[in-house]
Amino acid sequence: MVGKKAIGIDLGTTYSCVAVWQHEQVEIIPNEQGNRTTPSCVSFNEVGRLVGESAKNQMNMNPTNTVYDAKRLIGRRFNDTKLQEDMKLWPFKVIKGTNDIPKIVVDYNGEKEFFAEEISSMVLVKLKQVAEAYLGETVTDAVITVPAYFDDSQRQATIDAGLAAGLNVLQIINEPTAAAITYGFDMKTDITHDTNVLIFDLGGGTLDVSIVTINNNGKITVKAVTGDTHLGGQDFDNAMVEHFMMQFNQKHKTDMSVNIKAMGRLRVGCEKAKRALSSTTEITIEIDVLHEGIDFSMEITRAKFEDLNEDLFSKCIQLVEKCLVDAEMNKTEVNEVVLVGGSTRIPKIQELLSDFFNGKELSKNIQSDEAVAYGAAVLTAKLSGENSQKVKNLVLLDVVPLSLGVSIRDGSSSVIIKRNSPIPVKQERIYVTSVDNQSAITFDVYQGERSRAIDNDWLGKFQVAVPVEVKGKSRVNVVFEVDVNGILNCSAEELTSGLKKKIRISNDKQRLSKEEIEKMMKDAEKYKLDDEENIKKLLAHNVLEEYIYDVKAKIKSIGSIDNTKIPKEELEKMENAITSANQILDLHKLVDVDNYEKTLNELEKVCVPIIGQLV
Ligand code: ADP
Ligand code: MG
């Protein structure tokens, strides 16, 4: 009997990818545009909601209602300093919700608020639909990947996003571990020794560094993980945006930072330029009418780009060093350095890495954009008992990314589970009352490496009642268990009575309630209906946009050969037609398909005869 297929999802900060195990192999599933990755982007306007490619295309036109980077918000508190920094650059609005949970505010037939989980779940629904269209059957089970360095709340929130998308999350797996599976799958089987692999995953929002050992049977043991959930391509874009904004402001004595739309357009331009600089050494960014009617045109060299990001790039290498220390490994013991994530295409990053490993050649055997989803799909096969020998052989031993403990009386952190402990793991510790006549002990649970508990990430608190006694007499045994998803479960036993209790610390905290998740699921159904009509309008909008672009390019190229070639009044006629077409294009709201088509026809009627005579 053929069971229902499960999918592997790499839910990225900027791009997501979905894969499935079928016909004895992994297949990466293309979206409806035929692309193998899909932007993790959702855009809202008065007529509907768009997800993926079409949403990303809205970034320029509708920046305040086009949401990306949900992964940078997920499981974080509003007052988080990193989040506050990011907020300054996001064109969309983020507010503080109840329990300090951040909420994204968009104009979607009136002001609507969304949790980051909700935005992520919309991306997940999209990927689920992409998979269903490809497989011709409904899909409910999935393995979803997260950065290895995600903490407990970020993992919980990712599971919630899956639930809200109607997915049964079989397992959460670390992205670099998934990439290691992919790498191991590709490895020759005649190797007899263990291979130490350093996985360097630099994406849009995060850097993950992992060291794993793969043995020739397919057993993958994670030795150490480290990373930064706030270091990636977006940060490199930001550095460029700031640079150009300052130059522009200085040159034109203005402040474009107040112009959200202009900032959004500059960001899009910078991201494109950054990509180009991976293969060319110099590029000019040109943006028409960027701010206060001024056209933007500035040049940037690869060297300048590297200079702007020098600190961030060296931080990447420092994290590699840290990971080696944690794994108790010398860099000469690393057999392979594997690159994952879009930002590893940056030549300087490759150069720094290779230099760090004494000129070692970096492994580019696996597809850097797809490796994570690929590995997740292999894991779905493993979990559903697939018969293939290679899948059967796969054994994963992952680790806890950050230490888990409780605060004790002097404010220091008492670690119960040390970071990089292999999971699943169970550890316990006994705590005693610290003053006379205490009737209960309260435990604050933290995750992180700092010695002062308060400097770490607070996960929640729980209380255990104890017999009233002199201090030090009543005792509580606290048990911490981290499951294969990297998620913490706690329990405690009061030792005099022997009474045990299970503790759900996360309930106190930012996790969404069951009702909130159910509401998200209901809303998802409602939104689906709006989406289809909107896509048709958007396609018509884009056709018009491209046509205008082509006409402008034609006029420019004719003018550049001979600027007297186009008679003045003819040029004016065309320019007027372009202006009125642009007005339709720039309307905040998408108009009817007919309206776009009519506008295009009018523009065509004016321009074709004129240009036709000149070329
Ligand atoms: P994530 O998993 O975080 O979503 P990806 O691995 O998909 O990220 O990488 C996306 C990032 O890679 C983006 O910041 C994008 O700008 C960057 N990127 C993609 N291609 C290139 C390139 N050729 N040069 C530099 N950066 C690139
Ligand atoms: Mg990624």
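Q: In the hairpin of β2 and β3, which residue takes a positive phi?
A: His-23 does, with a value near 50°. This hairpin has two residues between its strands. The model is predicted, and every value here is computed from it.

Q: What makes β2 and β3 count as paired strands?
A: Two strands pair if at least two bridges are found between them. β2 and β3 have four bridges, in the antiparallel sense. The cut-off is at least two, so four bridges make a pair. One partnership sets Ala-19 against Ile-28 in β3.

Q: How do you know that β1 also pairs with β2?
A: Four bridges join β1 (residues 7-10) to β2. At least two are needed, so this is a pair. The two strands run antiparallel. Ile-9 has Val-18 in β2 as its bridge partner. A hairpin of four residues links β1 to β2.

Q: Why do β2 and β4 count as a pair?
A: Two bridges join β2 to β4 (residues 38-39). The rule asks for at least two, so two bridges meet it. These strands run antiparallel. Ser-16 stands opposite Thr-38 in β4.

Q: Why is β2 described as largely enclosed?
A: β2 covers residues 15-22, and seven of its eight residues are buried, so the rest of the structure largely encloses this strand. Buried here means under 20% relative accessible area.

Now to another strand, β13.

Q: What makes β13 mostly covered?
A: β13 spans residues 195-202, and eight of its eight residues are buried.

Q: How do you know that both faces of β13 are covered?
A: In a regular strand, side chains alternate between the two faces of the sheet. One side of β13 carries Thr-195, Val-197, Ile-199 and Asp-201. The other carries Asn-196, Leu-198, Phe-200 and Leu-202. All of these residues are buried.

Q: Which strands does β13 join through bridges, and in what sense?
A: Eight bridges join β13 to β14 (residues 207-214), and the two run antiparallel. Five bridges join β13 to β18 (residues 336-340), and these run parallel. The cut-off for a pair is at least two, so both partnerships pass. β13 and β14 also form a hairpin, with four residues between them.

Q: Where does Leu-198 fit in these two pairings?
A: Leu-198 stands opposite Ile-211 in β14. In β18, the bridge partner of Leu-198 is Val-337.

Next, an open sheet.

Q: What makes β21 and β24 edge strands?
A: Four strands form an open sheet in the order β21-β20-β23-β24, with antiparallel pairing. β21 (413-417) and β24 (457-465) each pair on one side only. From one strand to the next, the twist averages 30°.

Q: How do you know that β20 and β23 are paired?
A: Three bridges join β20 (residues 404-407) to β23 (residues 440-447). At least two are required, so three are enough. The strands run antiparallel, as the bridges show. Leu-404 stands opposite Gln-447 in β23.

Q: Why is Val-464 called buried?
A: Its relative accessible area is 5%. Buried means under 20%, so Val-464 qualifies. Val-464 belongs to strand β24. Beyond residues up to four places away in sequence, Val-464 touches several others, including Phe-443, Val-476, Ala-492 and Lys-501.

Helices come next.

Q: Why is α4 called oblique to α5?
A: α4 (residues 116-135) and α5 (residues 152-164) pack at about 55°, with their axes 8 Å apart. Roughly parallel needs an angle under 35 degrees, and roughly perpendicular runs from 65 to 115. An angle of about 55° falls in neither class, so α4 is oblique to α5. The crossing is right-handed.

Q: Which residues meet where α4 packs on α5?
A: From α4 come Glu-117, Ser-120, Ser-121 and Leu-124. From α5 come Ala-157, Asp-160, Ala-161, Gly-162 and Ala-164. The contact divides into four nonpolar, three polar and two charged residues.

Q: Which residues are in contact with Thr-221, leaving aside neighbours within four places in sequence?
A: They are Ile-211, Val-212, Thr-213 and Leu-397. Thr-221 sits in strand β15 (residues 219-228). Thr-221 and Thr-177 are 44 residues apart in sequence, and their C-alpha atoms are 9.0 Å apart in space.

Definitions and conventions:
Residues are numbered from 1 along each chain as its sequence is written. Chains are lettered from A and ligands numbered from 1 in the order in which they are written. This is a predicted model: local features need pLDDT of at least 70, side-chain atom pairs count only at pLDDT 80 or more; totals for chains, interfaces and linings use all residues. Side-chain values use heavy atoms; hydrogens and water are left out. Buried means under 20% relative accessible area, exposed over 50%, partly exposed in between (1.4 Å probe, protein chains only). Axes are lines fitted to C-alpha atoms, for helices over the stretch in contact, and angles run from 0 to 180 degrees between N-to-C directions. Angles under 35 degrees count as roughly parallel, over 145 as roughly antiparallel, 65 to 115 as roughly perpendicular and the rest as oblique. A crossing is left-handed if the near helix is turned anticlockwise from the far one by less than a right angle, and right-handed if clockwise. Contact means heavy atoms within 4.5 Å. Ala, Val, Leu, Ile, Met, Phe, Trp, Tyr, Cys and Pro count as nonpolar, Asp, Glu, Lys and Arg as charged, and the others, Gly among them, as polar.
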